[in-house]
Amino acid sequence: MPAAPVLPHSTDLPSPPGTLETMLNMAEGLARLGALAAHPVVRTLAEAFEDAGFELAVVGGPVRDALLGRETHDLDFTTNARPDDILRIITPISTAQWDIGRAFGTIGARIRGEQVEVTTYRADSYDGLTRKPVVEFGDSIEGDLNRRDFTVNSMALQVATPVERRTEPGPKLVDPTGGVEDIVGHRLRTPIDPNVSFGDDPLRMLRAARFVAQLGFDIDPDTFTAIERLRETLSIVSPERIQGELVRLMQTDDPTRGLRVLVDTGLIEQFLPEVSALRLEVDEHHHHKDVYEHSLTVVRQAIELEKARNPGAAPDVALRLAALLHDIGKPRTRKLEAGGGVTFHHHDVVGSRMARKRMQALRFDGDTTDAVAKLIELHLRFFGYAEGAWTDSAVRRYVRDAGDQLDRLHILVRADVTTRNKRKAARLAGAYDDIERRIVELREQEELDSIRPELDGNSIQEILGIPPGRAVGDAYRFLLEVRLDEGIIGPDAAEQRLRDWWASRPAD
């Protein structure tokens with residue numbers, strides 16, 4: 001392979017789009033493809049496959065991201081070699097190998113410290129009733145690319161070609177479906193008829209929304225119409241796959257663009273109908289905030305606060321889901337009052353239960369489900385503080401109830417303020433600054449994050465002379481209330497309070 005890769009490609013570049021900036025960006029993108037071809041892992045694999053007489057290409061996301069100037073996280077390869085050949089070729093140049101799905105042609109390996117996947121060219125077909133493909137290995141990279149989800153992901157950088165079949169030196173950009181043109185046009189389009197593509201794998205419709213958010217592209221009108229028409233076919237996709245794609249959407253910098261696609265096409269009705277239900281019809285005499293738009297704003301603001309408070313941290317999916325779902329109890333609790341007002345009493349509790357049920361249906365893990373449900377249940381608690389200062393006891397209870405979700409709750413509550421009234425927004429922000437300050441002060445004075453009675457169960461039994469049982473639990477809860485109300489009073493005072501409480505108990 002040449003030391004300085006040249007990049008001829010199988011499709012001509014699109015006609016100049018009219019702006020020097022776009023043409024310069026594409027020139028830079030092609031240069032980045034050269035850097036990708038020269039990557040040590042890519043070159044190691046390319047030389048091994050070429051020496052063995054097989055083709056090899058970097059495919060999909062890495063090629064797309066190189067052209068867009070985005071960071072590449074994973075290296076995926078495709079080849080005309082069959083799985084046994086792949087394993088034979090990569091074993092001498094890798095420190096580990098594993099069978100990701102030999103029946104589907106995919107072998108994983110660790111090469112030069114990086115994890116890679118190599119997959120045989122595919123030509124799958126589906127029966128339209130299930131998501132079980134009829135696996136057919138292919139011999140053509142163009143055929144493999146045509147079966148992929150979107151044109152911008154249907155490009156490959158061919159880095160290895162057997163000498164006897166080589167027609168030009170160096171790596172080659174293979175783009176049979178116009179992916180480069182769609183990158184220039186910021187357009188998301190299927191490489192074949194979208195009705196066929198989404199019929200093959202309905203999850204691609206959900207993936208379209210994710211790429212809209214992730215790449216900032218718009219969906220081609222024919223592709224958008226196909227999603228509207230075929231949205232009910234998502235029912236054949238497993239909850240686990242849907243959940244995985246939803247998580248990837250919520251991990252993007254601005255998931256609201258993708259969420260709008262899901263709602264506007266009706267696709268979200270198939271797995272998260274509570275979100276589209278937020279678009280409440282507004283009675284002409286009962287004006288209230290647009291709950292759907294408010295929720296999207298809360299998601300954006302929560303992400304901004306999350307990044308500001310935890311720079312460099314991984315996206316907090318639980319927080320973002322709580323922001324999206326925090327008001328889903330409103331449609332069920334809405335009541336139009338005679339005077340023209342609208343109430344949503346207990347929508348926090350109702351919404352928490354709804355969110356838990358939906359997340360369980362989507363097979364979310366228990367920790368994430370518990371976190372989202374708790375955040376939704378508690379998201380209104382603070383607003384009573386803004387109306388009047390809380391006692392230290394109330395602050396302790398706020399911290400106790402939030403538990404390990406307190407930091408997330410801080411962000412959610414602040415993000416939930418979307419009023420355009422600057423005076424009101426400033427008052428609420430100031431109130432929450434104050435409660436956070438008081439929590440810090442109490443933490444310095446007390447073990448606020450692990451509030452417990454000053455006497456444990458053993459001490460209670462010894463002082464009262466009682467065996468283990470319900471009475472010990474009652475005594476423990478009494479002392480916990482004392483701790484929350486009064487803070488640390490010392491073990492002697494706690495013992496006296498316990499004896500007084502015990503003596504005043506009605507006889508059983």
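## Thr-190, strand β1 and the nonpolar cores

Thr-190 lies in the loop that connects β8 (187-188) with α7 (194-200); helices (H or I, at least four residues) and strands (E, at least two) are DSSP runs, numbered from the N terminus. The model is predicted: local features need pLDDT of at least 70, side-chain atom pairs count only at pLDDT 80 or more, and totals for chains, interfaces and linings use all residues. Residues are numbered from 1 along each chain as its sequence is written, and side-chain values use heavy atoms, with hydrogens and water left out.

Thr-190 has a relative accessible area of 3% and therefore counts as buried (under 20% relative accessible area; exposed is over 50% and partly exposed in between, with a 1.4 Å probe and protein chains only). Its side chain reaches the backbone oxygen of Ile-192 at 2.6 Å. Not counting residues up to four places away in sequence, Thr-190 touches Asp-149, Phe-150, Thr-151, Ser-197, Phe-198 and Thr-223, where contact means heavy atoms within 4.5 Å.

Strand β1 (residues 56-59) is covered on both faces: Leu-56 and Val-58 are buried on one side, as are Ala-57 and Val-59 on the other. The pairings of β1 are listed below; two strands pair if DSSP finds at least two bridges between them.

| Partner of β1 | Bridges and direction | Residue opposite Ala-57 |
|---|---|---|
| β2 (residues 75-79) | 3 bridges, antiparallel | Thr-78 |
| β6 (residues 156-160) | 4 bridges, antiparallel | Gln-158 |

The largest nonpolar core has 117 residues, and those with the most contacts inside it are Phe-49, Phe-271 and Tyr-398. Helix α8 (residues 203-215) supplies the largest share of this core, 9 residues. A nonpolar core is a set of buried Ala, Val, Leu, Ile, Met, Phe, Trp, Tyr and Cys residues joined through side-chain atoms within 4.5 Å. Leaving aside neighbours within four places in sequence, Phe-271 is in contact with Leu-206, Leu-234, Ile-242, Leu-246, Leu-262, Arg-358 and Leu-362. Another core, of 11 residues, lies apart from the largest one and includes Ile-460, Leu-464, Val-472 and Leu-498.

For the protein as a whole, there are 23 helices and 11 strands. Of its 508 residues, 48% count as buried. Among contacts between residues at least 6 apart in sequence, 69% join residues at least 24 apart. The protein exposes about 24100 Å², of which carbon and sulfur atoms supply 48%; accessible areas come from the Shrake-Rupley method with a 1.4 Å probe, and for residues only the protein chains shown count as cover.

Key: A polar contact is a pair of N or O atoms within 3.5 Å; within protein, one must be able to donate a hydrogen and the other to accept it, and residues adjacent in sequence count only if both atoms are side-chain atoms.
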